[in-house]
Amino acid sequence: PIPYQGSKRLLAPRILAYVAGLRFRRFYEPFGGSAAITIAAAQMSLADEYVVADSLTPLAALWRSILHAPAVTADRYERIWIGHQDDKIEHYYKIRAEFNRLQDPVQLLYLLARCAKNAPRFNQHGHFNQSPDKRRLGMHPWKMRLHLLGASSLLGKRTQILEGDFEDTLADATPHDLVYMDPPYEGTSTGVDRRYHQGMNRERLIRELKALNGRRIPWLLSYDGQCGTKRYGDYLPEDVNAERVALNAGRSSQATLNGRSEVTVESLYVSRMLLAKPEPPIAWIPATHQLSSAQAQAALDFGIGLPH
């Protein structure tokens with residue numbers, strides 16, 4: 001239900017191909033955003049429970065509203081959306097100003113649906129400052145309602161929504177869980193191309209990846225990449241113990257907005273714990289695999305990746 005430039009919705013099948021056939025206790029997405037990978041993981045029944053978090057307070061509140069009160073959220077979105085009939089552009093700026101003052105989560109949903117190229121932007125004070133898309137009016141209320149009800153049906157009873165820092169979100173993760181991270185990329189969270197309300201320190205991210213490795217928690221990470229000839233950030237160092245895969249994400253919406261035709265290539269880092277194929281005891285066991293008691297104990301002794 002949350003249209004978002006940079007959403008991994010279209011890349012989800014390729015990202016989750018690395019864990020296809022496995023089963024986890026919990027699936028964590030600490031940089032929630034549109035929660036596209038969580039939704040795809042739930043459709044695959046990849047885990048028993050899901051944890052979505054974001055440091056943007058109204059976005060976390062929006063997800064709670066979607067999952068626990070989708071009809072009310074749809075009604076409020078519809079009332080905001082139909083308000084543009086008198087003056088489409090002025091209405092957008094009015095809602096934007098109100099959101100920056102009140103931090104209303106459903107107003108944020110309208111802004112994300114209506115802003116230029118679905119590409120949110122924030123100024124140095126953390127205020128939403130993207131302009132409206134003048135060629136369209138955002139997702140129609142009847143379509144939004146279907147998406148809201150669908151997300152609630154899929155995730156509502158087995159998903160926890162958290163607000164706050166990604167390290168805090170992952171504090172309770174165990175080797176029986178899977179973590180997917182899509183943090184702000186280098187070069188897109190500071191300066192004139194600021195796309196997020198809060199940036200991400202590269203060294204801090206690397207430190208957390210190593211900490212997850214030390215706790216034997218498997219992870220996937222979307223981070224950095226290239227658009228046309230412009231590269232965002234350096235590749236992560238070898239000692240994060242992951243393989244880098246280049247994923248073609250298609251034509252860049254931002255480049256198109258600026259009158260250029262460029263292809264975006266994103267980096268997916270796959271924890272080597274997910275790629276390893278050790279000799280017995282088995283580390284990663286497909287959900288459909290039937291274990292003998294001896295195999296189950298051996299896998300428990302190994303300590304990672306058992307189906308719940």
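Reader: What does the secondary structure of the chain come to?

Author: The chain has twelve helices and eight strands; these are DSSP runs numbered from the N terminus, helices being H or I with at least four residues and strands E with at least two. This is a predicted model, in which local features need pLDDT of at least 70 and side-chain atom pairs count only at pLDDT 80 or more, while totals for chains, interfaces and linings use all residues. Residues are numbered from 1 along each chain as its sequence is written, and side-chain values use heavy atoms, with hydrogens and water left out.

Reader: What makes Ser267 count as buried?

Author: Its relative accessibility is 1%, and buried means under 20% relative accessible area (exposed is over 50%, partly exposed in between, with a 1.4 Å probe and protein chains only). Ser267 therefore counts as buried. You can find Ser267 in strand 8, residues 263-271. Of the 308 residues of the chain, 50% count as buried.

Reader: Which residue's side chain does the side chain of Ser267 join in a polar contact?

Author: That of Arg244, at 2.8 Å. A polar contact is a pair of N or O atoms within 3.5 Å; within protein, one must be able to donate a hydrogen and the other to accept it, and residues adjacent in sequence count only if both atoms are side-chain atoms. Leaving aside neighbours within four places in sequence, Ser267 is in contact (heavy atoms within 4.5 Å) with residues including Leu221, Tyr223, Asp224 and Val245.

Reader: How do you know that Pro3 is buried?

Author: Pro3 has a relative accessibility of 17%, so Pro3 counts as buried. Pro3 sits in the segment before helix 1 and, beyond four places in sequence, is in contact with Leu112, Ala113 and Asn118. From Pro3 to Ser34 there are 31 residues in sequence and 7.0 Å in space, C-alpha to C-alpha. Ser34, in the loop between strand 1 and helix 2, is buried with a relative accessible area of 10%.

Reader: What makes helix 2 mostly covered?

Author: Seven of the eight residues of helix 2 (residues 36-43) are buried. Those are Ala36, Ile37, Thr38, Ile39, Ala40, Ala41 and Ala42. Among the elements covering them are helix 1 (12-16), strand 1 (24-29) and helix 7 (141-155). Just after helix 2, Ser45 takes a positive phi of about 55°.

Reader: Why is helix 4 called oblique to helix 6?

Author: The axes of helix 4 (residues 70-82) and helix 6 (residues 105-114) come within 9 Å and cross at roughly 60°. Axes are lines fitted to C-alpha atoms, for helices over the stretch in contact, with angles from 0 to 180 degrees between N-to-C directions. Angles under 35 degrees count as roughly parallel, over 145 as roughly antiparallel, 65 to 115 as roughly perpendicular and the rest as oblique. The crossing therefore makes helix 4 oblique to helix 6. Thr73, Arg76, Tyr77, Ile80 and Trp81 in helix 4 meet Val106, Gln107, Leu109, Tyr110 and Ala113 in helix 6.

Reader: And what angle do helix 5 and helix 6 pack at, and why are they called oblique to each other?

Author: Helix 5 (residues 88-102) packs against helix 6 at about 135°, with the axes 9 Å apart. An angle of about 135° falls in none of the three named ranges, so helix 5 and helix 6 are oblique to each other. Residues making this contact include Ile89, Tyr92 and Phe99 of helix 5, and Leu108, Leu111 and Arg114 of helix 6.
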